[in-house]
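Student: Please take me through one part of this model closely. I would like a long helix, its aromatic contacts, and then the stretch that comes after.

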Amino acid sequence: MLKQPSVDELARLEEELDPEMQFRKLPGATGLFVGALLLILSFFHYYTAGFGLLREVTHRGIHLAFVLGLIFLVFSARHNDGRTLHASGLLRPGGIPFYDWLMAAAAAVSSLYVPYIFEDLVFRVGNPSPLDVAMGTLTVLLMIEATRRAIGWGLPLIALFAMVYAIFGTWFPGIFLHPGATWNTLVNHLYLTSQGVYGVALGVVATYVFHFVLFGVLATRIGLGRLFLGVAAAGAGRFAGGPAKISIFGSAMFGMLSGSSVANTVTVGSLTIPMMIRLGYQRHFAAAVESTAATGGQITPPIMGAAAFLMVEFLNLPYSTIVIAAIFPAFVHFFGVLMQVHFEAKRSGMRGLTDAEIPKLRDVFAEDWPALAPLVALVLVLFNGYTPYLAAFWGITGCLIVGLARWRGPTALVFGIFMIVAAPAELLRIPAVNLGAALLCAAAMAHGILSRGKEGKRLAAGIVDAFVLGAKYAIGVGAAAATVGIIVGVVTLTGVGFKISWIVTSLADQWARALVDILPIALLEVKGATLFFTLLLTAVVCIMLGCGVPTTATYIIMVTVATPALAMLGVTPLVAHFFVFYYGVLADITPPVAIAAYAGASMAGADPFRTGNTAFRLALGKILVPFVFVFSPSILIMVPDFTWLKFLMAASTCLASVTLLSASFAGWMLAPLAMWERVLIGLAALPIIAGSASGAAMGAALAAPVLIRQILARGRAAA
């Protein structure tokens, strides 16, 4: 029977393997104080999600004040120093250096300054007072330092370079030349307008992302993650290479709760990586399978990663539209990993798990089925046209009710039935209904705690800890979003985004014309070739930028500087945004800074670089499918010219291409593949993925000899 790790074991692994989770060790009283602040931050977001957001600038200012202030208390200036528990002293009040207390207080005050002067803000924009400039300068500097502590140097260095470019524009050559801005002008634009720090990125984290991170932590705590892993083990464990397939299905389902690649790798990998190694998989391959599957968490509906919520704001589309558009691309990613794992298992002759080694499906559901109720509630609210943060409110409420109620099963059933009736009837828009839910939640908590004695207190402590942990997970994303506001502000102030777009499209056009001239016949049009090279350049920049920069930040930067280039070539906005989103996510398994792959390698005791290279190869579905977005947009479903015929054509050719490439890499299809066969089916996969009838015919003609030989070889082996 599979033994899943405890919550404490998972938290320890995440802290060891993810730099963003390496929190400072705090002594008792200080830990309680910081924990109380984190708890207040979580309850603030829970309350506003259910009973109405504050004025935009006020809401963002309060969020930023908590985020920046807490980062200076939760993260030490040097990560190694944070692992040591320091005693209190004159220079370390409460075990934290005095300058961190000062910076935390200064960050909170400067973040709340803009909401404080909001009534007069319209008279200050463009003409900031000395105090405005001082507060703005303080906010920007403290924000860069907080981001460095939380996620590393990558994003702060880009933000610093952006500010240097804004001020010293007259020093830059050629097309990048611009008049330059004074420090006062730059601070005014970044601090007092909605184009900088208090822009869309911070707003999305404060109104969407935080709530869904909190929901994911709570849902995992009440047993939904355990349910998903149990279902994956029961469903896929018995097939060839069983643990690797458990890893894929488990990561796919667990990804619905967590948008963090490293968290997914740790949670699922702690169970599956040792099993894969025992079964005979090489260590680097086992780590690569898990990390590649885990990166699918950021692209798996319904929660996905933070960038999905940014897409809602940038495109002004309902979140349900983004979720539907993401379904098939996410499936292709996991399908590509599954095919390679399956062919690898067949080539190596690996067995599945025995009945004694895997759980029974009925036992899995009997224990944890109530944990499904909050997820069902969240999806129902989302797809009935409510805001994502109200959906998160009801999901969190469901977690609290189901997690703490005395009778888990009946409570979950009643809650689920209520949501099925109330969501379509528009009852959830009534504030009194939300208040009733909050009161019911409080009553369920009180009854569950009081009626179960020590167990009730333990469950209550676990829920409080989940609220604290959810806030800890979210503050790094909040700081990164605010710092990205600096880069976006510089782009809008200087107009450099359009300049970069012009450079990319011009270079792609030159390459396209050179290629068309070389070809003996008109196999390719200049326009199509230009689009292809533009996509290729954009993909490379996304992957390079993503090395050391969080996915959310990569997405925002690329949306700002790259999507205009794609728009110039006629790519629809939804397709362009999905393209840069997918390649931003890919950076988590792309060396040299493949954070998810390195986490998996550490757990498997494997070579990190070799693991990263293997993970990149396993992610071929995620590598190829963004190009399919552009040339066959119908696979996103939510596009203007969608038809089911176009979708079926694009989907079938995409899956066929991924299958052929997987077989080519693994060296097995129905029987062992010779080298010439691997090369031939690899070449055949390329025209097939284009999605056209002529491309499919060309690919089929190339693959036919290999397929015939494989069928004959399979028949001989069976005989």
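Tutor: What follows goes along one helix, out to its ring pairs, and on to the next helix. Keep in mind that the model is predicted.

Start with helix H22, residues 453-494. It has 42 residues. From first C-alpha to last it reaches 63 Å, close to the 62 Å expected at 1.5 Å a residue. H22 does have a kink, of about 25°, centred on Ala-474. Just after H22 comes Gly-495, with a positive phi of about 75°.

Now the rings. The structure holds 37 aromatic pairs. One of them joins Phe-43 to Phe-467. The centres of these two rings are 4.8 Å apart, and the planes meet at 20°. That pair is stacked, because planes under 30 degrees apart count as such. Phe-467 belongs to H22, while Phe-43 sits in helix H2 (residues 28-51), so the pair ties together parts that are 424 residues apart in sequence. The two partners also have their own exposure classes. Phe-467 is buried, at 2% relative accessibility. Phe-43 is partly exposed, at 41%.

Phe-43 and Phe-467 also belong to a cluster linked by ring pairs. Its other members are Tyr-46, Tyr-47, Phe-51, Phe-393, Trp-394 and Phe-418.

Set beside this a pair within one helix. Phe-328 and Phe-331 have ring centres 6.1 Å apart and planes at 35°, so this pair is tilted. Both residues lie in helix H16 (residues 319-348). They are 3 residues apart there, or about one helical turn. Phe-328 is buried, with a relative accessible area of 10%. Phe-331 is partly exposed, at 45%.

Back to the chain beyond Gly-495. Helix H23 covers residues 496-518, and Thr-505 has its place there. Thr-505 is buried at 9% relative accessibility, because the cut-off for that class is under 20%. A polar atom of the Thr-505 side chain lies 3.1 Å from the backbone oxygen of Trp-502. Leaving out residues up to four places away in sequence, Thr-505 touches Thr-530, Thr-534, Ala-565, Met-568 and Leu-569.

To put the pieces in order: H22 is kinked at Ala-474. Its Phe-467 stacks with Phe-43 of H2. Gly-495, with its positive phi, comes just after H22. Then, in H23, sits the buried Thr-505.

Note on methods. Residues are numbered from 1 along each chain as its sequence is written. This is a predicted model: local features need pLDDT of at least 70, side-chain atom pairs count only at pLDDT 80 or more; totals for chains, interfaces and linings use all residues. Side-chain values use heavy atoms; hydrogens and water are left out. Helices (H or I, at least four residues) and strands (E, at least two) are DSSP runs, numbered from the N terminus. The expected span of a helix is 1.5 Å times one less than its number of residues. The bend at a residue is the angle between axes fitted to the seven residues ending there and the seven starting there. Rings of Phe, Tyr and Trp (its six-membered ring) pair if their centres lie within 6.5 Å; planes under 30 degrees apart count as stacked, over 60 as edge-to-face and the rest as tilted. Buried means under 20% relative accessible area, exposed over 50%, partly exposed in between (1.4 Å probe, protein chains only). A polar contact is a pair of N or O atoms within 3.5 Å; within protein, one must be able to donate a hydrogen and the other to accept it, and residues adjacent in sequence count only if both atoms are side-chain atoms. Contact means heavy atoms within 4.5 Å.
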